[in-house]
Structures are given as C-alpha cells and as structure tokens.
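Here are a few exercises to work through with the model open. Try each one yourself before reading the solution.

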Amino acid sequence: MAAAFVSGASAAVAESSTVPLHNHPTRLISLETANMNPAGTVELSVGTMQTDPSKGSGTGNQLYFGGGSYSPTDRLTFGFDLQTYQDPTISPISGAFPDIKMHTGALWAKYQVYKGSRVSMAALASVENLFALEGPLYGGRNEHVLIGALKAPITIKASQQLEFHITPGVSFFPNTVGGQPYYGTVGSIGLGASYKPSERLAFFASAETAVSGANNVDSTAAYTKDTVLTIGGRYNVTPKVALEAFVTNGAGLTPATSVLTHWPDGDDILAGLRLVYTPGANLPISYRGQPAPVTRRQANLQYDGFTLGSADVLDPGMVRATVWGGSDSNSGVGISFSPDQDGEIQLFVEKYSDSPSAPAALVPTTEVRYMIGPKLRFMDQNNGDAFSLSGRMLFGRHKEPLVGGVGVFYVDAMASYKSSDRFVFTVAPKLGAFGNIEMAGLGLGVNYQVSENLELIAEATPVGLDGDTATWAAGLRYNIGKSGFSIDASATNAVGRQGIGSMIAQDDTRFTIALSKTFDGRGLKFW
C-alpha cells in the first residue's frame, strides 16, 4: 500500500522546518511515527500521568516519566526513556488491590529507512531494563528484568497539516517472572493520526493493539488482549518548549511498554502532561520576537512572593537561590533556574511549620520534604501582552527511614497586571492534593514599590474543598542595590512558603526571614 501511495503521489510536499517543534511529532506520546528530528536536535522531556483522584486509595495512580534523544543526522536518532510507577491498583484484581512497582529504563535507536514526498518509513530497536518489578502478581520482588522492542513505523503525509501513521511492532517480555505468568512476546499494530493546523498547535490520536500474545491484565489476573487508546494535543509555549496534554488507558511510555494497558482491564483513563524541550542556540527564543531588556523593577518582579508565585520568569540563564527560616520550625531552601525564555525549573526543600494550631489532617508532613517542577509563561506584559500569565506544577514528597514518603501534587496559575511601575496586582488560583485531601485556593496579591530598593508585599488566599481557612502573608523585601541580593521579612498564618503549605492555615502568626541571591549562570550553559 505504501509503495502504491508513493508511486501515485504527484504533489510535492515542502521541506520540514529546522525548528523541531514546528514539525509533526516524532512520537505520539507512546506510538512511534516515521518522522525524525532535524540533524543536531536534542530533545528532552518529562511528564506525568494520573488516574481519577476520586477513585482508589489516596489520590489514585501516578506514573512519572522522562527521556531524551539526540539526532546526529536527519535520519538517525539515539534516545533513552525512564518511567516509574508505584501504587496499589485502583480496581481489584482477584478480589484484592495489589501493590505494583515498575521502574523502567530504555535505550533505543531509530533510523529512517526511506523518506519520500508522501511516505516515510523507519525502524526502531530498544533494549530495556525493568530495574524493579515488584508485587504479588510477579511473585514478589524482581530486579533487572530484560525486555525490548522492534518497531517499523510508516508515516503517510496526506497534506502539510494531516498525517497518518501505521506502526507494526514486537515487544519482548519474559513468559514468567518470579514464577508467575508475564506478558511474553507481544506482536502489535498501531494506527495514529496527527493534525497540525499551525506552527504552535498539534493534535493527535492513536490506537495500539496486540495481534499476538497478551498486553492486558484483567480483573481475574489473566493475561488478555486489549487496545491502548490515546488522544491529545501539543502547544508550543516557545519555539523550544512545548506542553502536551493527553488522555490514555496505557501504562507505558517506552518502546516496549507502549503496548501495555493500565491494570486491570485497561478501563481506567489516565490524564497526562508532558513537557518537551529542544535546546539550541540557533533556534528562535520567542514567538513575540526579540524580548525587550528588562528594567530593574521588572527583574525584581520575577521573584516569587511569600506565599504566591510570580507571573514573570527569570531571564534565560539566570539562577536564584533562596534560604529562609522562622518561627514554628519552618525553614527551607529554593533554587530557580531559567534554561530559556518563558521557562523556569524550580526546586524547593522545605520543612513546614510544626505548630499544633494547624489542622493535623491537612498537613502532609512536618518532616523535610522536596518539591520540583516546571514553570511556564504564556503571556508577558513586558513584551506586548495585556498582562502576564504563567502556570506551574510542583511534585514532591518526604522520605523517612523505612517509610514511604507522602506524595503531594500541586499546581497553580499566576496572572499579574502592572498598573504602573509601582503597583502590581496578582491573581493565583491553586490546587493541591495528597492522600484523600484536596484543597483549592484563589491567591490575591499586591506588590508596591516604595523606592528603587524597597517593596511592600501583601497576599491572601481564600481556601476551599477540604480546607476552609484563608491564609495570608505580609511584609517587605529589600533589594540590595544591583548586587542580586535581597532580604525578606514577613508574617503569615500559612504553615509553608511553597506548594500546598501556602494554603494550610494555623491559628498562630509565624515570622520568617529570607535571604536570596540572583546570579548569571550562563557560564554553565551546555546548549
């Protein structure tokens, strides 16, 4: 069929863009296509998938994943994938809710065998390792279980905007693990479509099913055949950074595990987000054109407040380090780094307040915990937009000896309007969850510049769902000239400065001092 399509095609198709994210995706979340990235492309990604939080114990099931690839030529790519899953099932298998742990790593290579005006063909091979495969379904704990895959994707270009994909493949799993049945060899066929109406937008859908072997564990623990369905879209925040949102019933993002449905029966839908980053000095940095240099006031407003994040992000290459401490044993450190325009990576390590006046059921832990995640800016008032708008996700947990840490999911959006050089108003909806606790808030903040160095900051967050007491914070920030140092002095009733702690109120007022330093990290750039 592909050969007939090639011979019958008469219309020429324009060459692919040298900006990787302007092309159709090389992989539709888990379904491989015959598309390739341009020579020299580095592609990095990180993401998460989540079942319905209201189903199962805690906040449902989560799967975290990431990976990277490098294309030395237009027709060859080497890559790796990592994913981790550790949860009890949200639906019973043989009357129980077995814990499943599956930590997977994959190395793969992909070569474009043929590229025509209408049809392209590629071949992919992967060698993968289940570093840990644990649970009663697998006879206990197993380590270093070798798996792999062969894929032969075919992509048919119907037009510049529309492509169809056919991906036959074979995934190799052991027939037994820990004395228990396992998937064995799975022959599969995948069908997909991608539609790209503009440089910044893409939509896709795929179905991958087993034609031989088994890719599904049903509610009786039997291995059966089923279909992995995925639908989603991609939005380019910048020419280098894209955000993908999707839903699927799959349980794998590596070449071998892409054919596996989420257990049991593949009936539960997971919602996913994936952040894609293609660094490159020769790529455009923004769809707004060359950004205007920031003023000193604008640079100061890139820094988070006391309990609210900033709608602005650090300039590319800049790093901000913060350390804070105060009453009720609250303390923490934070590192924020901007790899590119309109993007920031944040890492916080914080110990929430141990005040007994805080509702114990709402505090995930008073032990030291970490939070990490991306922050993306979608609108920038400094460069022509009506206001600034950013979104942020923070994932974190704590770890105690012999006890699994409490995982917390937190997401917020930050919109700010600079009415003048002195006044900035911020609105920040928030959502946090852990275990069976869900909290939502609407942060409101104002920043007033008293002088070139001094800012007054006031914030309040009405809270709903499982929380019902608003949090507040107020204080001052002194920026020490052009040194990059700043000092915060604040009072608050929130048990923490970051994440869900900014929505949990205690009866007592806490006082905090913070010291921050911003410096240029471009000398450390590797892109």
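**Exercise 1.** Which strand gives the largest share of the lining of the second largest cavity?

Solution. Keep in mind that this is a predicted model. Start with the space itself: the second largest cavity holds about 200 Å³. Next, look at its wall, where 21 residues form the lining and Tyr-303, Gly-309, Ser-310, Thr-426 and Asn-447 sit closest to the centre. Strand 26 (423-434), strand 27 (437-449) and strand 28 (454-461) are the elements that give two or more residues. Of the lining, the largest share is four residues, and it comes from strand 28. Sorted by class, the wall has eight nonpolar, eight polar and five charged residues.

**Exercise 2.** Describe the largest cavity, then follow a salt bridge formed by residues of its lining.

Solution. Step one is the volume, about 280 Å³. Step two is the lining: 24 residues, with Arg-27, Glu-43, Asp-81, Trp-108 and Arg-274 nearest the centre. By class that gives seven nonpolar, ten polar and seven charged residues. Strand 4 contributes the most, six residues. Step three picks out two of the central names: Asp-81 and Arg-27 meet in a salt bridge, at 3.1 Å from N to O. Asp-81 belongs to strand 5 and Arg-27 to strand 1 (residues 27-28), so their pairing ties together parts 54 residues apart in sequence. Finally, check burial, which here means under 20% relative accessible area. Asp-81 is at 9%, so it counts as buried, and Arg-27 at 11% is buried too.

**Exercise 3.** Where in the chain do Lys-110 and Glu-32 lie, and how far apart in sequence are they?

Solution. First confirm the contact: Lys-110 and Glu-32 form a salt bridge, with their closest N and O atoms 2.9 Å apart. Then place the partners: Lys-110 is in strand 6 and Glu-32 in strand 2 (residues 31-32), a separation of 78 residues. Both Lys-110 and Glu-32 are buried. For another example, take Asp-488 and Arg-497, whose side chains meet at 2.8 Å, N to O; these two are buried as well.

**Exercise 4.** Is Phe-485 buried or partly exposed?

Solution. Find Phe-485 in strand 31. Its relative accessible area is 36%, so Phe-485 is partly exposed. Now widen the view: Phe-485 is one of the residues of a nonpolar surface patch, among them Val-450, Tyr-478 and Ile-513, with about 860 Å² of accessible area together. Strand 30 (471-479), strand 31 (485-494) and strand 32 (505-520) each give two or more residues to this patch.

Methods:
Residues numbered from 1 in each chain as written. Predicted model: local features only at pLDDT ≥ 70, side-chain atom pairs only at ≥ 80, totals over all residues. Heavy atoms only, no water. Patch = residues over 30% accessible without salt bridge, like charges linked within 9 Å, V, L, I, M, F, W, Y side chains within 5 Å. Areas by Shrake-Rupley, 256 points an atom, 1.4 Å probe, with all protein chains shown as cover. Salt bridge = Lys/Arg side-chain N within 4 Å of Asp/Glu carboxyl O. Buried < 20%, exposed > 50% of the residue type's maximum accessible area, 1.4 Å probe, protein only. 1 Å grid on protein atoms, 1.4 Å probe; cavity = no way out; pocket = protein on both sides within 12 Å on 5 of 7 lines; lining within 4 Å. Points joined across faces, edges and corners; volume = space filled by probe spheres on them. Nonpolar A, V, L, I, M, F, W, Y, C, P; charged D, E, K, R; others polar.
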